[in-house]
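Trainee: Please take me through one part of this model in close detail. I want the strand pairing and whatever surrounds it.

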Amino acid sequence: MTIRQTSVHTFGDDAVLLDVREPNEWVGGHAPNAVHIPLGLLPTRLADLPAVDGALPVVCRSGVRSARAVVYLGTQGVEATNVAGGMQAWEEAGKALVADSGHPTVV
């Protein structure tokens, strides 16, 4: 199965993303409009997926977990795309980040 991937450069800083990282990663820094559903909780939280036009962008730290999420979402009939390079690529591209911790962002 081919996993659809999209570059971080496709998205504006205000893009709605599904972030499947663990809570400690999320607190350190995330995209401003991201929705957080850890990968392990995804099967029980499909109703919480954000509505977007087109494929749902899915992100993790590097792109590995989000690729797994994209495959799973596809089996559930949800069109999704993996954000290539994950939050590391997001940060390297100079995209906006916010941290729930109140400290400088750490991806």
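**Strand pairing and its surroundings**

Mentor: E2 and E4 run parallel, with two bridges joining them. Keep in mind that this is a predicted model. E2 covers residues 18–19, and E4 covers residues 56–59.

Take the pairs one by one. Leucine 18 stands opposite valine 58 in E4. Aspartate 19 stands opposite valine 59, also in E4. Valine 58 has another partner as well: asparagine 82 in E5 stands opposite it. E4 pairs with E5 in the parallel sense, over three bridges. The chain gets from E4 to E5 through H2, and this β-α-β crossover is right-handed.

Now step back to the whole sheet. Five strands make an open sheet, ordered E1-E5-E4-E2-E3, with parallel pairing. E1 and E3 are the edge strands, each pairing on one side only. E4 sits between E5 and E2 in that order.

What covers the faces of E4? On one side, Leu56 and Val58 are buried. On the other, Pro57 and Val59 are buried too. Both faces are therefore covered, since each of these residues falls under 20% relative accessible area.

The nonpolar packing comes next. The largest nonpolar core has 14 residues, and Leu17, Val83, Met87 and Trp90 touch the most other members. Helix H3, residues 86–92, gives the largest share of this core, three residues. A further core of 13 residues lies apart from it, with Ile37, Leu39, Val58 and Cys60 among its members. Val58 is the residue to follow here. It belongs to that further core, it is buried on a face of E4, and it stands opposite leucine 18.

Look at tryptophan 90 in the larger group. Beyond its neighbours within four places in sequence, tryptophan 90 contacts Val8, Phe11, Gly12, Asp13 and Ala15, among others. Its list also includes Leu17, Ala31, Lys95, Ala96 and Leu97.

Histidine 30 brings us back to E2. The residue lies in the loop between H1 and strand E3 (35–36). Is it buried or exposed? Its relative accessibility is 4%, which is under the 20% limit, so histidine 30 counts as buried. Its contacts beyond four places in sequence include Asp19 and Met87. Asp19 is the residue that stands opposite valine 59. Met87 is one of the core members that touch the most others. Histidine 30 also contacts Arg21, Ala96, Leu97, Val98 and Asp100. With aspartate 100 there is a side-chain polar contact of 3.1 Å.

Next, the loop that leads into E2. Serine 7 lies between strand E1 (5–6) and E2. At 33% relative accessibility, serine 7 is partly exposed. Its side chain comes within 3.1 Å of the backbone nitrogen of histidine 9. Serine 7 and glycine 85 are 78 residues apart along the chain, yet their C-alpha atoms are separated by 7.9 Å.

Finally, the charged pairs. The salt bridges number four. One joins arginine 4 and glutamate 79, at 2.9 Å from N to O. Arginine 4 is in the segment before E1 and glutamate 79 is in the loop between H2 (64–75) and E5 (80–83), so this pair ties together parts 75 residues apart in sequence. Arginine 4 is partly exposed, at 44%, and glutamate 79 is partly exposed as well, at 47%.

Another salt bridge links glutamate 25 to arginine 65, with the closest N and O atoms 2.8 Å apart. Glutamate 25 lies in H1 (residues 23–28) and arginine 65 in H2, so here the parts tied together are 40 residues apart in sequence. H2 is also the helix through which the chain crosses from E4 to E5. Glutamate 25 has a relative accessible area of 18%, so it falls under the 20% limit and is buried.

A further salt bridge joins aspartate 48 and arginine 45, at 2.7 Å from N to O. Aspartate 48 is partly exposed at 40%, and arginine 45 is partly exposed at 26%.

To retrace the path: start at E4, with its buried residues on both faces. Go across to E2 by two bridges, or to E5 by three. Then follow Asp19 to histidine 30, and histidine 30 to aspartate 100.

Note on methods:
Residues numbered from 1 in each chain as written. Predicted model: local features only at pLDDT ≥ 70, side-chain atom pairs only at ≥ 80, totals over all residues. Heavy atoms only, no water. Helix = DSSP H or I, 4+ residues; strand = E, 2+ residues; numbered from the N terminus. Buried < 20%, exposed > 50% of the residue type's maximum accessible area, 1.4 Å probe, protein only. Polar contact = N/O pair within 3.5 Å; in protein donor to acceptor, adjacent residues only side chain to side chain. Salt bridge = Lys/Arg side-chain N within 4 Å of Asp/Glu carboxyl O. Contact = heavy atoms within 4.5 Å. Core = buried A, V, L, I, M, F, W, Y, C linked by side-chain atoms within 4.5 Å. Pairing = 2+ DSSP bridges. Right-handed = clockwise from strand over helix to strand, strands pointing away.
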